[in-house]
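Morning, everyone. I have one structure to go through, and I will keep it short. Please have the viewer open.

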Amino acid sequence: MDRGRLWTNGGASVSTRRRREAWLELRRRRALPALVLVLVVVALLAAGCAGGQPDIWRPHGSAGEEIRTLGIRMFAILAGVLITVWAILVYVIVRYRRRPEAEASQTKGNVKIEVVWTLIPAVIVTVLFLLTWQATAQIAMPDPGAQFTAVGHRWWWEFDFPDQDFKTANEVYVAVDRTTSIDVESLDVIHSFWVPQMGGKVDMIPGRVNHIHFVPLKEGTYLGQCSEYCGEQHGNMRFQFVVVSPEKYSAWTHHQAEPAATPAGAEAVAGGELIQTISCGGCHTIRGTPMKGTFGPDLTHFGSRGGIAAYTLRNTPENLYRWLQDPQAVKPEATMPQVPLPDESQRQLVAYLEELK
Ligand code: CUA
């Protein structure tokens with residue numbers, strides 16, 4: 001090999017150097033538009049992600065409001081610090097830049113300045129601490145004691161109301177302007193209970209009972225979402241958190257405590273008989289029937305819920321049919337097995353379950 005070729009840079013011809021300079025210039029000119037394009041794409045993606053998601057900047061729960069107010073105050077204080085420091089930095093860079101005519105100067109041993117720049121951060125940190133303390137005290141308001149327990153499962157939510165003697169799944173009602181007090185636990189891995197617009201989240205840990213309480217401030221239907229990665233379907237572990245008037249809440253708990261409705265339509269009647277002869281009762285409970293399984297969601301009032309498979313699908317007969325036909329196609333790794341039945345029988349099961357209002 002001609003070793004001389006390794007050193008051709010040093011002796012590059014004029015035309016080679018020009019070509020390289022032209023190429024570098026082209027790269028310089030392209031870099032800025034490319035950077036702008038990347039920023040625009042990132043901004044658009046971020047905006048797309050925000051669409052349809054619960055908005056933590058518009059909370060409707062006591063804890064959420066405290067956290068938002070604290071967040072805004074902290075942001076304002078820290079933005080003030082950032083702008084002040086940048087302004088001083090720019091001033092110092094310009095004012096004390098190296099000048100050919102001036103001697104290099106250095107400030108040292110100024111006690112007054114040192115005391116001031118030690119005190120200012122101490123005061124800022126104290127203010128931040130007091131604001132956080134105040135918000136924490138507000139969030140930890142008096143607690144009336146848990147009304148129900150939320151239990152995390154891979155990947156669905158169980159809501160257990162021991163006083164009213166019923167359990168339901170993936171949808172829970174609470175009363176507006178009353179303290180909602182919830183114990184949380186898990187039967188498999190660590191999940192996390194979170195209704196973003198109510199504020200606050202709490203880990204659901206196997207073998208331990210954690211707790212959260214807050215006051216829902218506005219009637220409405222809010223999305224709940226598991227916020228601790230718990231496996232493949234973590235993103236599809238959602239529930240509906242419905243805030244209603246105290247009267248409606250009381251009516252809901254009374255209705256949920258009742259046994260399942262008796263099917264009326266011919267198809268639903270056939271489905272109600274069929275479901276007792278196949279293995280559904282091994283995992284599911286339908287109160288008022290022999291089905292008493294506890295591994296899967298309680299289906300007693302399944303038809304009254306808005307979603308299927310922890311809100312992976314909306315609760316419609318077509319979607320329920322799809323779910324029963326092939327749960328793994330809808331929610332891979334879910335423990336719900338396929339129900340191998342002829343089409344007519346599937347339709348009967350769907351008719352029955354949808355009548356369980
Ligand atoms: Cu349960 Cu993530």
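**Strands, then a helix pair**

I start with strand β1, residues 148-153, which pairs with β5 in the parallel sense over 5 bridges. To find the register, take Thr-149, whose bridge partner in β5 is Asp-183. Before I go further: this is a predicted model, so please hear everything I say as a statement about that model.

β5 itself covers residues 180-186. What does it pair with besides β1? Strand β8, residues 210-214, is a partner of β5, in the antiparallel sense and again over 5 bridges. Within that pairing, Ile-182 stands opposite Ile-212 in β8. So β5 has a parallel pairing with β1 and an antiparallel one with β8, and 5 of its 7 residues are buried, so the strand is largely enclosed by the rest of the structure.

Next, the hairpin. Strand β2, residues 156-161, and strand β3, residues 166-169, run antiparallel and are joined by 4 bridges. If you click on Phe-161, you will find that its bridge partner in β3 is Phe-166. How many residues lie between the two strands of the hairpin? There are 4, and one residue in the turn, Asp-165, has a positive phi of about 65°.

Now the helices. Two packed helices are described by the angle between their axes and the distance between the axes. For helix α6, residues 317-325, and helix α8, residues 343-355, the axes come within 10 Å and cross at roughly 125°. Oblique is assigned outside the parallel, antiparallel and perpendicular ranges, and the perpendicular range ends at 115 degrees while the antiparallel one begins over 145; α6 and α8 are therefore oblique to each other. The crossing of α6 past α8 is right-handed.

Which residues make the contact between α6 and α8? On the α6 side they are Pro-317, Leu-320, Tyr-321, Leu-324 and Gln-325. On the α8 side, they include Leu-349, Val-350 and Leu-353, along with Asp-343, Arg-347 and Glu-354.

Last, the chain as a whole. DSSP runs give 8 helices and 12 strands. Of the 357 residues, 36% are buried. The accessible surface comes to about 22000 Å², and carbon and sulfur atoms hold 61% of that. Among contacts with a separation of 6 or more, 65% are between residues 24 or more positions apart.

That is the end of my list.

Conventions: Residues are numbered from 1 along each chain as its sequence is written. This is a predicted model: local features need pLDDT of at least 70, side-chain atom pairs count only at pLDDT 80 or more; totals for chains, interfaces and linings use all residues. Side-chain values use heavy atoms; hydrogens and water are left out. Two strands pair if DSSP finds at least two bridges between them. Buried means under 20% relative accessible area, exposed over 50%, partly exposed in between (1.4 Å probe, protein chains only). Contact means heavy atoms within 4.5 Å. Accessible areas come from the Shrake-Rupley method with a 1.4 Å probe; for residues, only the protein chains shown count as cover. Axes are lines fitted to C-alpha atoms, for helices over the stretch in contact, and angles run from 0 to 180 degrees between N-to-C directions. Angles under 35 degrees count as roughly parallel, over 145 as roughly antiparallel, 65 to 115 as roughly perpendicular and the rest as oblique. A crossing is left-handed if the near helix is turned anticlockwise from the far one by less than a right angle, and right-handed if clockwise.
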